[in-house]
Amino acid sequence: MATGDSERIRYCARFSYLCLKFSLITYSTVFWLLGGFVLAVGIYAEVERQKYKTLESAFLAPAIILILLGIIMFLVSFVGVLASLRDNLCLLQAFMYILGICLLIELIGGVIALLFRNQTIDFLNENIGKGIENYYDDLDFKNIMDYVQKQFKCCGGKEYTDWAQNQYHDCAAPGPLACGVPYTCCVTNKTAVVNTMCGYKTINEERLSVQHIIYVRGCTNAVLIWFMDNYAIMAGILLGVLFPQFLGVLLTLLYITRVEDIITEHKLNESLLDGGQQKTDVELTGTGCCMCFPG
């Protein structure tokens, strides 16, 4: 009877080990390939950006962000793949701690952004203002800003008058764009032929007098209001970002526990060869499939 219980315990523990190993290898490989894909897209976008680059600053350019994100995902996931294949406890612990630290940083960053909401909004408006200054020189920002203004029906960062920061839209500028806003701010611009001058001479006008011509609310508030109104989508995005990392930490923790159990069992078996076989079998009798769970 003791022998049968012992065999059942060993089989159960092995089954749990193989499930965890396969799950962790699959998890790490998927994010390793995804990291490589993100890195490739980032490199391609940066190569294309360099062809039409007119602005020296590349800080927070979408292509640069994709490259950095791809590198981090690729390297961290590669550590996970290697660790799970080799059952290397040091690499497994490193993989778990890196994922945990990234998850903790994201959570802390989100909490700080919520606690200091006004400062966060001011920071966003300040950076959008810098982007508006170089609107026609930074094609990445231009495409993003145009999309946001059309999609969220807004204009500028804090408000539509932010466009006065651009040298071409400044009221003192000599060109036809002076004192106007980009056509993506326009409310009535729905014709087949785009009227790029629909925002002509609107910056120095009162909000009520131009609200039927252009969107007068700022994009920062428009995006924040959209997120608050669509909290289910916001929750889904947060869950999609945080849950995979939490799952990786949990899988790695369970797998480390199982590997440590196997190492302990191996050492125990070595001691059994020295005459402790009968005593150990009696101690393990009746534990059954509870040995599947980490101790």
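Start at the C-terminal tail: select residues 277–295, where pLDDT stays under 50. This is a predicted model, and for that stretch it has 25 contacts beyond four places in sequence. Now jump to the other end and select residues 1–11, where pLDDT also stays under 50; here the model has 12 contacts beyond four places in sequence. Where pLDDT is low, the predicted coordinates should not be read in detail. For the chain as a whole, the mean pLDDT is 82, and 82% of the residues reach 70 or more.

**The whole chain**

Zoom out and colour by secondary structure. You will find eight helices and zero strands, so to speak an α-α-α-α-α-α-α-α run from the N terminus on. Switch on the surface: the accessible area comes to about 18,300 Å², and 68% of that belongs to carbon and sulfur atoms. Of the 295 residues, 32% count as buried. Among contacts between residues at least 6 apart in sequence, 69% join residues at least 24 apart.

**The annotated segments**

Next, select residues 24–47, 59–82, 94–116 and 231–256, which an unreviewed UniProt entry annotates as "transmembrane region". How much helix is there over residues 94–116? That segment is 96% helix and 0% strand, with its end C-alpha atoms 32 Å apart. Residues 231–256 are 100% helix and 0% strand, and their end C-alpha atoms are 37 Å apart.

Stay with that last segment and pick Phe246, in helix α8 (residues 231–284). Phe246 counts as partly exposed, at 45% relative accessibility. Draw a distance from the C-alpha atom of Phe246 to that of Leu103: the two are separated by 7.3 Å, although they are 143 residues apart along the chain.

Then move to Ile64, in helix α2 (residues 62–86). Ile64 is partly exposed as well, with a relative accessible area of 25%. Its C-alpha atom lies 8.7 Å from that of Ala45, and the two residues are 19 apart in sequence.

**The aromatic rings**

Show the aromatic side chains. The structure holds nine aromatic pairs. For one of them, select Tyr135 and Trp163: the ring centres are 4.7 Å apart and the planes stand at 85 degrees, so this pair is edge-to-face. Which parts of the chain does the pair link? Tyr135 sits in the loop between α4 (117–133) and α5 (139–152), while Trp163 is in the loop between α5 and α6 (207–210), 28 residues apart. Are these two residues buried or exposed? Tyr135 counts as buried at 2% relative accessibility, and Trp163 is buried too, with a relative accessible area of 0%.

Now add Tyr136 and Tyr168, another edge-to-face pair, with 5.5 Å from centre to centre and 90 degrees between the planes. Tyr136 lies in the loop between α4 and α5 and Tyr168 in the loop between α5 and α6, so this pair ties together parts that are 32 residues apart in sequence. Tyr136 is partly exposed, with a relative accessible area of 30%, and Tyr168 is partly exposed at 39%. Keep all four selected: ring pairs link Tyr135, Tyr136, Trp163 and Tyr168 into a cluster.

**The nonpolar cores**

Leave Trp163 on screen and add Met145, Cys155, Val181 and Ile214. Of the 23 residues in the largest nonpolar core, these five touch the most other members. The elements that give two or more residues to this core are α4, α5 and α7 (219–229), and α5 gives the most, with four residues.

Centre the view on Ile214. Which residues does Ile214 touch, not counting those up to four places away in sequence? They are Tyr160, Val181, Cys185, Cys186, Val187, Gly199 and Thr202.

From there, go to α7, where Cys219, Thr220 and Ala222 are buried. The buried residues of α7 pack against α4 and α5.

For the last stop, select Val76, Leu99, Tyr255 and Ile256. These belong to a second, separate core of 15 residues.

Conventions. Residues numbered from 1 in each chain as written. Predicted model: local features only at pLDDT ≥ 70, side-chain atom pairs only at ≥ 80, totals over all residues. Heavy atoms only, no water. Buried < 20%, exposed > 50% of the residue type's maximum accessible area, 1.4 Å probe, protein only. Contact = heavy atoms within 4.5 Å. Areas by Shrake-Rupley, 256 points an atom, 1.4 Å probe, with all protein chains shown as cover. Phe/Tyr/Trp six-rings, centres within 6.5 Å; stacked < 30°, edge-to-face > 60°. Core = buried A, V, L, I, M, F, W, Y, C linked by side-chain atoms within 4.5 Å. UniProt positions renumbered as here; feature names shortened; annotations may be inferred. pLDDT = per-residue confidence, 0-100.
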